[in-house]
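Please take a moment to look over the sequence and the model together, and then follow the paragraphs below from the overall fold down to single residues.

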Amino acid sequence: MDDRLSDLTSPRPGGRGRARSQAESVEVATPRVSQEQRENWQSLVILAHLVEAELERKTQDDAGIPHSHFKILALLAGADRYTMGLTRLSRALRFHKSRLSHALRTLEAAGLLRREDTPEKGRAYQAVLTRRGLDLVERVLPLQDVFAHDTVLSGLTATEVTQLRTIAERIIANLDDRGE
């Protein structure tokens with residue numbers, strides 16, 4: 001494995017070469033994994049990191065905003081009436097409320113969305129994609145599709161892409177089950 005990336009997957013906080021405190025030296029009952037299982041996991045962690053890093057770079061270049069902000073716009077573009085409640089949006093992206101609020105403030109200042117009260121009573125709010133936000137998504141999403149096809153999925157067969165989707169959906173379900 002590339003030494004630059006080994007700290008991303010190091011089983012110890014702080015990465016390789018860090019001295020362990022006495023509390024960290026205590027053996028904890030954890031399941032043993034084989035070297036192959038560890039390498040499989042490390043490959044997945046590196047894959048997720050590299051794809052996210054490249055999407056961040058491309059989104060900054062193509063849209064002028066962070067990829068995490070673009071994901072908000074893309075979710076709204078796929079929502080009914082380009083609108084989604086903030087709680088639902090936060091859960092979909094696994095964003096803490098303060099992170100979502102900061103992103104929404106930035107996107108709202110750029111005229112890409114607006115926040116408004118929900119039609120229901122209470123203190124609930126929703127995000128609504130503006131025409132400008134929709135135009136941005138419609139311009140950038142095809143560029144990300146090309147990146148996915150030409151770079152990330154390049155060399156994979158249709159069967160492998162389908163298998164990858166099945167695996168991804170299973171992992172997402174596992175994470176959703178943990179969150180409940």
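Among the contacts in the protein that join residues at least 6 apart in sequence, 49% link residues that are at least 24 apart. The model in which these contacts are counted is a predicted one, and its secondary structure comes to eight helices and three strands. If you follow the chain from the N terminus, the elements come in the order α-α-α-α-β-α-α-β-β-α-α. Of the 180 residues, 26% count as buried, and the accessible surface of the protein comes to about 12900 Å², with 53% of that area belonging to carbon and sulfur atoms.

From these totals we can turn to the interior. The largest nonpolar core has 24 residues, and those with the most contacts inside this core are Ile65, Ile72, Leu73, Leu89 and Leu104. Several elements each supply at least two residues of the core, namely α4, α5, α6, the strand β3 (125–129) and the helix α7 (131–152). Ile65 shows how such a residue is surrounded: leaving out residues up to four places away in sequence, Ile65 touches Thr59, Gln60, Phe70, Leu73, Leu107, Leu112 and Leu136.

Is His69, a residue of helix α4, buried or exposed? His69 counts as buried because its relative accessible area is 8%, which is under the 20% that serves as the cut-off. When its neighbours within four places in sequence are set aside, His69 is in contact with Ala103, Thr106 and Leu107, and Leu107 is also one of the residues that Ile65 touches.

Asp62, which lies in helix α3, can be read in the same way. With a relative accessibility of 18%, Asp62 counts as buried, since the cut-off is under 20%. Apart from residues up to four places away in sequence, Asp62 touches Arg139, Val140 and Leu143. A further pairing to look for is that of Asp62 with Gln144, for these two residues are 82 residues apart along the chain, while their C-alpha atoms are separated by 9.1 Å.

The next topic is empty space. Rolling a probe the size of a water molecule over the atoms shows where such space is left. The largest pocket of this model has a volume of about 1200 Å³. The pocket is lined by 30 residues, and the closest to its centre are Ala48, Val51, Leu55, Ala168 and Ile172. The elements that give two or more residues to this lining are α3 (35–63), α4, α5, α7 and α8 (158–179). Sorted by class, the lining has 24 nonpolar, two polar and four charged residues.

Finally, two residues in loops deserve a look for their backbone angles. Arg81 has a positive phi of about 55 degrees, although Arg81 is not a glycine, and its place is in the loop between α4 (67–78) and β1 (83–85). Is this residue, Arg81, buried or exposed? Arg81 counts as exposed because its relative accessibility is 61%, which is over the 50% required. Arg94, found in the loop between α5 (86–93) and α6 (97–109), is another residue other than glycine with a positive phi, with a value near 60 degrees.

Conventions: Residues numbered from 1 in each chain as written. Predicted model: local features only at pLDDT ≥ 70, side-chain atom pairs only at ≥ 80, totals over all residues. Heavy atoms only, no water. Helix = DSSP H or I, 4+ residues; strand = E, 2+ residues; numbered from the N terminus. Buried < 20%, exposed > 50% of the residue type's maximum accessible area, 1.4 Å probe, protein only. Contact = heavy atoms within 4.5 Å. Areas by Shrake-Rupley, 256 points an atom, 1.4 Å probe, with all protein chains shown as cover. Core = buried A, V, L, I, M, F, W, Y, C linked by side-chain atoms within 4.5 Å. 1 Å grid on protein atoms, 1.4 Å probe; cavity = no way out; pocket = protein on both sides within 12 Å on 5 of 7 lines; lining within 4 Å. Points joined across faces, edges and corners; volume = space filled by probe spheres on them. Nonpolar A, V, L, I, M, F, W, Y, C, P; charged D, E, K, R; others polar.
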